[in-house]
Amino acid sequence: MSGATLYDKLWASHVVRDYGDGSALIYVDRHLLHEVSTPQSFLALEAKGRTVRRREANLAVPDHAVPTTGRDRPIADPLARAQTTRLAENVARHQIPYIALDDARQGIVHVVGPEQGFTLPGMTLACGDSHTSTHGAFGTLAFGVGASECGIVMAAQCLRQRKARTMRVVVDGARPAWLTAKDIALALIAKIGANGAAGHAVEYVGPVISAMSMAERMTLCNMTIETGARVGLVAPDEVTFAFLEGRPMAPRGAMWERAVAYWRTLPSDPDARYDRTETLDVGDLAPFVTWGTSPEDAAPISSAIPDPDADPDRARGERRRKALAYMDLEPGTPLDRVRIDRVFIGSCTNGRLDDLRLAAGIAKGRKVAPGVKAIVVPGSGLVRAAAEREGLADIFRAAGFEWRDAGCSMCVAMNGDRLDPGERCASTSNRNFEGRQGPGGRTHLMNPAMAAAAAIAGHLVDVRDLVEEPA
Ligand SMILES: CC(C)[C@H](C(=O)O)[C@@H](O)C(=O)O
Ligand code: SF4
């Protein structure tokens, strides 16, 4: 095959049946399950008298509703308890591999999959969760699906999908210190809009991407869903292989060698044709923060809140006027003057060890501002343990941050960790929708160093004003 993109190759190698109308029956290699989106999937599966076709192709873990404190006690919230118990019962009945709440490996599906080597290049991976795009960082064709589709995947190991158009995002320029993958994602969304890549599979290419760690690539692919695209991809390379080698579920020995040889054939051909190309020069970008209620309402921390009345796009201006009213913010206010009440460091966007290292680097030897409540929620139990081993937990605690157990937590506020109405939060998560972190709560998205800096300053702040040394 020549002229093929990474996406074309992943797609072509999984077509079971082409319907000739732009859609095909696709083989699904891997399926991740969490407690919130799967109860109906199991009901649908069982109602039709179907069974799970390939048990070992599945991996389940509770993450959304689980408490991040008091894990030694039963879950207090009845809905959260019911969902978590239900998942345990469902997977036991169908003998699906399961990481229980008290397992050291428990965490957010999108952190656990890669960590275990369950996510592998060249594969297709589905999960009843929009941020499944995260796994595309490995050159995996990963996409979020609905609850009923999860039932189909379990029964048939296949799913009918529509082939997306391809979009190449070239990221180049000399990356400034403290400019993270999160900032690059927010800058892209601000540029193309929250629906800007709808219908496309995005592939990130260019020198900035090649130089990124797997954690950064995952952050970028995670946020891709906020551009409207369901798929975000980075071609597998030496960084990918080094990350995966030796992971519990990754192939070993001769199988590893064969797998790597195959994975090396996956990158887009030099003459690959994309339906669309966008270029982002990161050379003079500053860290980004959001000020509104869509991830596209993002701007450099050095700027001021834009005036919706001056927006050339009238519909967007109207939406942004409402967003500013919800956020209780005035146009023209410098972003670094916005005071905050809460800080959340975590989520499948920025809850990995590298993220916690960045945040701890800022927290070290400093104190959370009086009146600010800050929590750090590792993306998984293994991230938490590693962070404890290298002293990050002590740094956070000494600075006045709460150190929690792993889960989605205040990213989506389904587990009791939430903002009170009117509270304002600096958050490393991926969505700033109305009420996302609790009814009436106000969310500002940013990178982990920026969130830690906001905790210290008590307001949004350019992390570079707090530190001299490079990241
Ligand atoms: C609850 C779940 C299905 C949801 C998703 O689909 O993404 C959540 O993870 C989110 O981030 O909004
Ligand atoms: S951390 Fe947030 S974005 Fe990620 S899966 Fe959980 S709720 Fe969804």
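This is a short tour of a predicted model, from the whole protein down to single residues and two ligand sites.

**Whole protein**

Start with everything shown as a cartoon. The protein has 17 helices and 18 strands. Its radius of gyration is 21 Å, close to the 23 Å that the globule rule gives for 471 residues, so the protein is as compact as a globular protein of that length. Turn the C-alpha trace along its principal axes: the spans are about 55 × 55 × 45 Å.

Now colour by burial. Of the 471 residues, 54% are buried. Then look at contacts with a separation of 6 or more: 77% of them join residues 24 or more positions apart.

**The parallel sheet**

Select strands S14 to S18. These 5 strands form an open sheet with parallel pairing, in the order S16-S15-S14-S17-S18. Which strands stand at the edges? They are S16 (402–403) and S18 (442–445). Each has a single partner strand, so one side of each is left without a neighbour in the sheet.

Zoom in on S14, residues 342–345. On one flank, S14 pairs with S15 (residues 373–376) in the parallel sense, over 4 bridges. Pick Val-343 and look across to S15: Ala-374 stands opposite. Next, go to S17 (residues 424–427), which runs parallel to S14 and is joined to it by 3 bridges. Here Phe-344 has Ser-427 as its bridge partner.

Show the S14 side chains. Are the two faces of this strand covered or open? Both are covered. Arg-342 and Phe-344 lie on one side, Val-343 and Ile-345 on the other, and all four are buried.

**The nonpolar core**

Keep Val-343 selected. The largest nonpolar core has 146 residues, and Val-343, Ala-359, Ala-454 and Ala-455 touch the most other members. Now add helix H16, residues 448–457. This helix gives the core its largest share, 9 residues.

Centre on Ala-454. Leaving out residues up to four places away in sequence, Ala-454 touches Ile-340, Val-343, Ala-426, His-459, Leu-460 and Val-461. Val-343 on that list takes you back to S14.

**Ligand 1**

Select ligand 1 and show its surroundings. Around it are Val-36, Ser-37, His-64, Asp-129, Ser-130, His-131, Gly-144 and Val-412. By class, this shell has 2 nonpolar, 5 polar and 1 charged residues.

**Ligand 2**

Move to ligand 2. Its shell holds His-64, Ile-108, His-110, Asp-129, His-131, Ser-347, Cys-348, Cys-408, Cys-411, Val-412, Ser-429 and Asn-430. The class count is 5 nonpolar, 6 polar and 1 charged. Highlight His-64, Asp-129, His-131 and Val-412: these residues appear around both ligands.

**A loop stop: Asp-311**

Finish at Asp-311. Where does this residue sit? Find the loop between strand S13 (298–300) and helix H11 (314–327). Asp-311 has 15 C-beta neighbours inside 10 Å, so it counts as partly exposed. Select its contacts too, again skipping residues up to four places away in sequence: Arg-316, Gly-317 and Arg-320.

Terms used:
Residues numbered from 1 in each chain as written. Chains lettered and ligands numbered in written order. Predicted model: local features only at pLDDT ≥ 70, side-chain atom pairs only at ≥ 80, totals over all residues. Near = placed C-beta within 6 Å. Nonpolar A, V, L, I, M, F, W, Y, C, P; charged D, E, K, R; others polar. Rg over C-alpha atoms; globule rule 2.2 N^0.38 Å. Buried ≥ 20, exposed ≤ 12 C-beta atoms within 10 Å, placed from the backbone. Contact = placed C-beta atoms within 7 Å. Pairing = 2+ DSSP bridges. Core = buried A, V, L, I, M, F, W, Y, C linked by C-beta atoms within 7 Å.
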